[in-house]
Amino acid sequence: GAASDSLAKLVTDNCDCTKSQGFWKHQFSLKGKHQIDDPTLRLYLGIVRFASGLFGPGDPIPLDSLDDARSIMNPQHSPSTGGGNRPPGSGNTGRGGSNRGGTRRGGSTGRGGQHQHGSTSGGTPQDRRARALAQTLAAWLNFAKGGILWDEMVDTNRDGTPDMRCRERSGQGETILKTPKDAAADLDRAKNLAEAVNLHDKN
């Protein structure tokens, strides 16, 4: 007799630090010089679509093109062909994520240091959701880039001590954004969880 099975192997890039949401917003902009070219950005978006339960085919937020990413990163100036920032629906449990594989850098659970993140800016529920989505996409792009490992610890409560694994953080944040809740505290929580990744290597 014979039997077979298969698994998808997710390979990320090998950069070693995370970047802020502002950095990623600029990479997708149509102005200025960029550090990451469009073909590489498309590869990163493919990784995000595979690993995320929020962005991608069949998920609440489409991420099929650079224009979709552009509209999420900068909803006030999204192209007419965009459409990435409509309110997420509910009922999708996502695909989870895939085990990163490889060897952890060093042996620490984080880089320490007090991160100056997690501030809120108020605004309407739509504004808060837009900020949370932009930070969440940036966090996934940092994962695709290799700046954060799947099981790496991040500091989500700004006390200088890593307290949550990246995969747990992404699950909590996406659960909030996949539901139609507009509670300010929930949306700010989703934004802050993602921003903890994006500012993980600040300074």
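These are my notebook entries on a pocket, a helix and one loop residue in a predicted model.

**Entry 1, the largest pocket.** I began with the largest pocket and noted that its volume is about 250 Å³. I then looked up its lining, which consists of 13 residues, and wrote down that Pro75, Gln76, Asp127, Ala130 and Arg131 are the ones nearest the centre of the pocket. Sorting the lining by kind of residue, I found 4 nonpolar, 6 polar and 3 charged.

**Entry 2, where the lining comes from.** I asked myself which helices each supply at least two residues of this lining. They are α1, residues 21-28, and α4, residues 125-145. The largest share, 6 residues, comes from α4, and I therefore turned to that helix next.

**Entry 3, helix α4.** I compared the length of α4 with what its 21 residues should give: at 1.5 Å a residue the helix should span 30 Å, and because its end C-alpha atoms are 30 Å apart, the two values agree. Is α4 largely enclosed or largely open? I noted that 17 of its 21 residues are buried, so the helix is largely enclosed by the rest of the structure. Just after α4 I came to Gly146, whose phi is positive, near 95 degrees.

**Entry 4, Ile61.** Last I looked up Ile61, which sits in the loop between α2, residues 38-51, and α3, residues 66-73. Its relative accessible area is 0%, and because buried means under 20%, I recorded Ile61 as buried. I also checked Ile61 against Lys178: the two are 117 residues apart in sequence, while their C-alpha atoms are 8.9 Å apart in space.

Conventions
Residues are numbered from 1 along each chain as its sequence is written. This is a predicted model: local features need pLDDT of at least 70, side-chain atom pairs count only at pLDDT 80 or more; totals for chains, interfaces and linings use all residues. Side-chain values use heavy atoms; hydrogens and water are left out. On a 1 Å grid over the protein atoms alone, a cavity is a set of points where a 1.4 Å probe fits but cannot get out, and a pocket is an open set with protein on both sides within 12 Å along at least five of seven lines; lining residues have an atom within 4 Å of a point. Grid points are joined across faces, edges and corners, and a volume is the space filled by probe spheres set on the points. Ala, Val, Leu, Ile, Met, Phe, Trp, Tyr, Cys and Pro count as nonpolar, Asp, Glu, Lys and Arg as charged, and the others, Gly among them, as polar. The expected span of a helix is 1.5 Å times one less than its number of residues. Buried means under 20% relative accessible area, exposed over 50%, partly exposed in between (1.4 Å probe, protein chains only).
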